[in-house]
Amino acid sequence: MANVFLLYMPPGNAEAMVHYQDTIKQRVPLARIAHHVSANLRSHLLSIFGSAPIAVWGSARGPRNRASYERMSQGDDLLIVEGDSIKLIGKVAAKVESASLSRELWQPLRGGSDSSWELIYFIANPRELDVPFEEFCSLFGYAKTFQLRGFTPVAPARLEAFYQKYDDLYSILVRIQKGEPVAQRVSDLAILTDAPKPDLTEVSREEIDEALRLPAVSEHVRMQWKLARLGLKAGERVWVPVGDQQKLRHTYEFDSFDAEFSAGIDLPHSYIENIDVVWKQEFRVGAAYEIENTTSIYSGLLRFADLNIIAPNTLYPMFIVAPKEKKGRLREQLRRPTFRRLELDKKVRFLSYEAVDEIDQFFSQASSGLNVDVVLARSEEAA
C-alpha cells in the first residue's frame, strides 16, 4: 500500500513558486545532480529516468518534516497543494538528504536568507492538475474545511479505508479533473459468480491445428518484437514476459526490455507482467498489448478483465492485437456477461497486425514523433 504525502505551498509564496518553476516544471538534468549524490543513487536515477531531466523537490529540516521524510519510500504518491487546489501529483522515485544539492538547486532569492530544503525527493511521472483539494478530502474522509499545513503524510487508517474502496489515486484525480466518473472496486467474488467458464467445445479441430502451426507462433513473436521496438521509438520503457524474452533475443537479437517490471508499479505484478507487451513511463503503465493468433482472444480479455477488477479507474489504453479478420471474434467475446459488466468494450481497442505493420513501416527511419496516440489513431473500437 503506497503512502500519500501532501505538501502545502501557501499562495503568494514567491520563493517557493520560483523554485517550483525551476526544478519541477522545467526539471533538472541528471548531470547537475550527479556530483551531489552517491554512485548508487546516480545509477538508480539513470535506471528510472534514463537521459530525461528529473523533477526534484525538497523540504526544510525539522523534527516534523523529518518524521514524514523518514516514512517516504519509492512508489509513494506525492501531492503538491497550493491554496485550495491540488496542482501536481507524482511518484517518489528516490530521496536523499543533501545540503550541497539543496544549495545547487535552490539559491535564496533574497540576500542573507538561510532557508534550505535538504530533505530532497525525486519525482517520477509528475502530472500537473487543477483539482479542488476538497475532492481529496472527500476521498480520504477529511472534513471539507480541513486546513493543510506544511509537509503531511496521510494517516495509515485513512489510506487503508481509501484502498479498500479505490485503486489508483493518480487515475482518480485525473478522472475528476476531466469530469469523468470514478469507480469503486468490485468484489472479485461478485464478478466471478457471473464469469462464464471457457467453452472448450467451441474450438474446432481446424482452429487447434492453426494454433499449433509454426507460422502462428512466429507471428506472435514478430508482433511482440515490433510493438516492443515501437515502444522504444515512442520513448517508453518496454516489458515483455520473462518467458518470451529469450525468444526475442534469439529470433531478433532484441534485448532492450526492462530487466525488472515491478519497481513503483501500484498493481499486483502477477496481473500485468504476463501481458504480451507493456509500455511503461517511469512508474506508470503507458499501454498494454495482448497479441492473439487464434481463439485465445478470450484469455487476453480475461487478463484485461482482471486488471479492471483490481483497478477500475485505469487510464492507459489496452489493445487486443490480432489479424484483421479476427475482429468479429473479439466482438463476440465482448458480449459475454462478465466483459459487458466491466464495460471492456469501452476500454479495450482492436489493433490489427496490418495496422502495426503500417506504423512500423512509417516510422522505420524515424527517431521521433511516435507516441501512444499514434497507435490509438490506427486502432478501432472493439465493439
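**S352 and F136, one at a time**

Me: Which strand is the place of S352 in?
Reply: We're looking at a predicted model here. On the residue's own side, S352 touches A322 and K324 once neighbours within four places in sequence are left aside. As for its place, S352 sits in strand β11.

Me: Is S352 buried or exposed?
Reply: Its relative accessibility comes out at 6%. The cut-off for buried is under 20%. Because S352 is at 6%, it counts as buried.

Me: Which backbone nitrogen does the side chain of S352 reach?
Reply: There's a polar contact to look for, so the pair of N or O atoms has to be within 3.5 Å. The S352 side chain gets there at 3.0 Å, and the backbone nitrogen belongs to A355.

Me: How many bridges join strand β10 to strand β11?
Reply: These two strands sit next to each other in an open sheet ordered β7-β8-β9-β10-β11-β12, with mixed pairing. One of the bridges links M318 with V348 in β11. Residues 318–322 and 348–352 run parallel, and the number of bridges between them is 5.

Me: Which are the edge strands of that sheet?
Reply: An edge strand here pairs on one side only. That fits 237–239 and 380–381, in other words β7 and β12.

Me: Over to F136: is it buried or exposed?
Reply: F136 lies in helix α6, residues 133–140. Skipping neighbours within four places in sequence, its contacts include V4, L79 and V154. Since its relative accessibility is 0%, F136 counts as buried.

Me: What separates the C-alpha atoms of F136 and I176?
Reply: Along the chain, F136 and I176 are 40 residues apart. In space, their C-alpha separation is 10.0 Å.

Terms used: Residues are numbered from 1 along each chain as its sequence is written. This is a predicted model: local features need pLDDT of at least 70, side-chain atom pairs count only at pLDDT 80 or more; totals for chains, interfaces and linings use all residues. Side-chain values use heavy atoms; hydrogens and water are left out. Helices (H or I, at least four residues) and strands (E, at least two) are DSSP runs, numbered from the N terminus. Buried means under 20% relative accessible area, exposed over 50%, partly exposed in between (1.4 Å probe, protein chains only). Contact means heavy atoms within 4.5 Å. Two strands pair if DSSP finds at least two bridges between them. A polar contact is a pair of N or O atoms within 3.5 Å; within protein, one must be able to donate a hydrogen and the other to accept it, and residues adjacent in sequence count only if both atoms are side-chain atoms.
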